[in-house]
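Open the structure in your viewer and keep the selection box handy. We will go from stop to stop, picking a few residues at a time.

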Amino acid sequence: MLEVLNDADYEQFRKLIYDESGITFSDTNRSILDSRIKEMLRTKNLSTPQEYYTLITKNPEAMKEMLDSVTTNLTRFFRNQPHFDAFTNFVIPDVIKYKESHGGDKVIKVWSAGCSTGEEPYTIAMVLKEILPDGWDFKITASDISLKCLMTAGEGFYPDNKVEGIPPEYLEKYFTKMDGGYHIKDDIKSKIKFDYHNLKNDSGARNLDVIFCRNVLIYFDEPAQLAVINRFWDALSHHAYLFIGHSESLFGMKTQFEFLKTEWACLYTKILDK
């Protein structure tokens, strides 16, 4: 049985993962990659890392499965509440004001990048449902590199222990209680398009009002981070906002985004016509 990847195997897989996704493995998290590859060898009934390497480089679906296996998906509803306070009290009112003064459409367009099992986009949808004025609508695209997570998100069912943190009135209004958990109602689910996307590539999205990409950039090195951030810039409208994780920062990075500290939380702006 394979105990750990040797140095040559590790470097080969590390480079492949970086080239395919931008996700970086270093000496400090090498054990995670070791364990994931061991598990994939076991489930695929393969004997050597080279057999598995050959498989994933020749089979795109096997590559997606491997990238899924090496990602970490930690999330919850209303994670980092100050972000949602800033979203509610500052960002959305400002976007509405801008669109109304510039003859824009009355649709708020949001991308939840790295949405994991769906808690973030569903939180965004519930908040927008609550705060948007009459006559306004919203569309949310939620993407991830994990097909397994996207399946859970698309199903919209969460066990009892996963709905902690949701205000009781939201739980009653937007979920249906079922045995062992809660199911998100269709009027919320219908507002979200779940889609597989590798952040190494351009999503093709344009004129978005807000992007949430929280606790994802930490898995990339600086060149990969900058490439992702530049693609976010291209995807946003002339008056838009970017939320990244509270432990993440664009400080020192040559990016066009401007840092904004609100009463509630820190975020980044793309405002070309003030």
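**Stop 1: N80**

Select N80. With 19% relative accessibility, N80 counts as buried, because the cut-off for buried is under 20%. Keep in mind that this is a predicted model. Now look at where N80 sits: in the loop between α4 (60–70) and α5 (81–101). Next, check the backbone angle. N80 is not a glycine, yet its phi is positive, at about 55 degrees. Why point this out? Most residues other than glycine have a negative phi.

**Stop 2: S116**

Which other residue here has a positive phi of about 55 degrees although it is not a glycine? Select S116, which has that angle. S116 lies in the loop between β1 and α6 (119–131). Is S116 buried or exposed? S116 is buried, with a relative accessible area of 5%.

**Stop 3: helix α10**

Select residues 222–235. This is helix α10, with 14 residues. Put a distance label between the C-alpha atoms at its two ends: they are 20 Å apart. At 1.5 Å a residue, the helix should span 20 Å, so the two values agree.

Go to the N-terminal end of α10. D221 caps this end. One of the side-chain oxygens of D221 lies 3.1 Å from the backbone nitrogen of A224.

Now colour the buried residues of α10: A224, Q225, V228, I229, F232, W233 and A235. What do they pack against? Show α1 (7–21) together with the strands β1 (107–113), β7 (208–213), β8 (236–244) and β10 (266–271). The buried residues of α10 pack against these elements.

**Stop 4: the cavity**

Stay with α10 and turn on a cavity display. How many cavities of 30 Å³ or more does a search of the whole structure find? The search finds one. The volume of the largest cavity is about 50 Å³.

Select its lining: W111, H197, L199, N201, D202, S203, V228, R231 and F232. Four of the lining residues are nonpolar, three are polar and two are charged. Which element gives the most to the lining? The answer is α10, with three residues.

**Stop 5: S143**

Keep W111 on screen, since it is one of the cavity-lining residues. Add S143, in strand β2 (residues 137–144). A polar contact of 2.9 Å joins the side chains of S143 and W111.

S143 is buried, with a relative accessible area of 3%. Show its surroundings. Leaving out residues up to four places away in sequence, S143 touches W111, S112, A113, G114, C115, L150, D195 and H197. H197 also lines the largest cavity.

**Stop 6: C213**

Move to C213, in strand β7. At 0% relative accessibility, C213 counts as buried. Bring back F232, one of the buried residues of α10. C213 and F232 are 19 residues apart along the chain, and their C-alpha atoms are separated by 9.4 Å.

What is C213 in contact with, leaving aside its neighbours within four places in sequence? Select A113, L199, F232, F243, I244, G245 and E248 to see these contacts. L199 and F232 are also part of the cavity lining.

**Stop 7: T269**

Now pick T269, in strand β10. T269 is buried, with a relative accessible area of 7%. Setting aside neighbours within four places in sequence, T269 is in contact with W233, A240, Y241, F257, E258 and L260. W233 is one of the buried residues of α10.

Then add D19 and label the distance from T269. The two are 250 residues apart in sequence, and their C-alpha atoms are 29 Å apart in space.

**Stop 8: K177**

Finish at K177, in strand β4 (residues 175–178). Is K177 buried, exposed or partly exposed? K177 is partly exposed, with a relative accessible area of 46%.

Show D160 and Y182. K177 is in contact with both, with neighbours within four places in sequence left aside. A polar contact of 3.4 Å joins the side chains of K177 and D160. Now show the backbone of G181. The side chain of K177 reaches the backbone oxygen of G181 at 3.4 Å.

Last selection: P159. P159 and K177 are 18 residues apart in sequence, with 9.9 Å between their C-alpha atoms.

Technical notes. Residues are numbered from 1 along each chain as its sequence is written. This is a predicted model: local features need pLDDT of at least 70, side-chain atom pairs count only at pLDDT 80 or more; totals for chains, interfaces and linings use all residues. Side-chain values use heavy atoms; hydrogens and water are left out. Helices (H or I, at least four residues) and strands (E, at least two) are DSSP runs, numbered from the N terminus. The expected span of a helix is 1.5 Å times one less than its number of residues. Buried means under 20% relative accessible area, exposed over 50%, partly exposed in between (1.4 Å probe, protein chains only). Contact means heavy atoms within 4.5 Å. A polar contact is a pair of N or O atoms within 3.5 Å; within protein, one must be able to donate a hydrogen and the other to accept it, and residues adjacent in sequence count only if both atoms are side-chain atoms. On a 1 Å grid over the protein atoms alone, a cavity is a set of points where a 1.4 Å probe fits but cannot get out, and a pocket is an open set with protein on both sides within 12 Å along at least five of seven lines; lining residues have an atom within 4 Å of a point. Grid points are joined across faces, edges and corners, and a volume is the space filled by probe spheres set on the points. Ala, Val, Leu, Ile, Met, Phe, Trp, Tyr, Cys and Pro count as nonpolar, Asp, Glu, Lys and Arg as charged, and the others, Gly among them, as polar.
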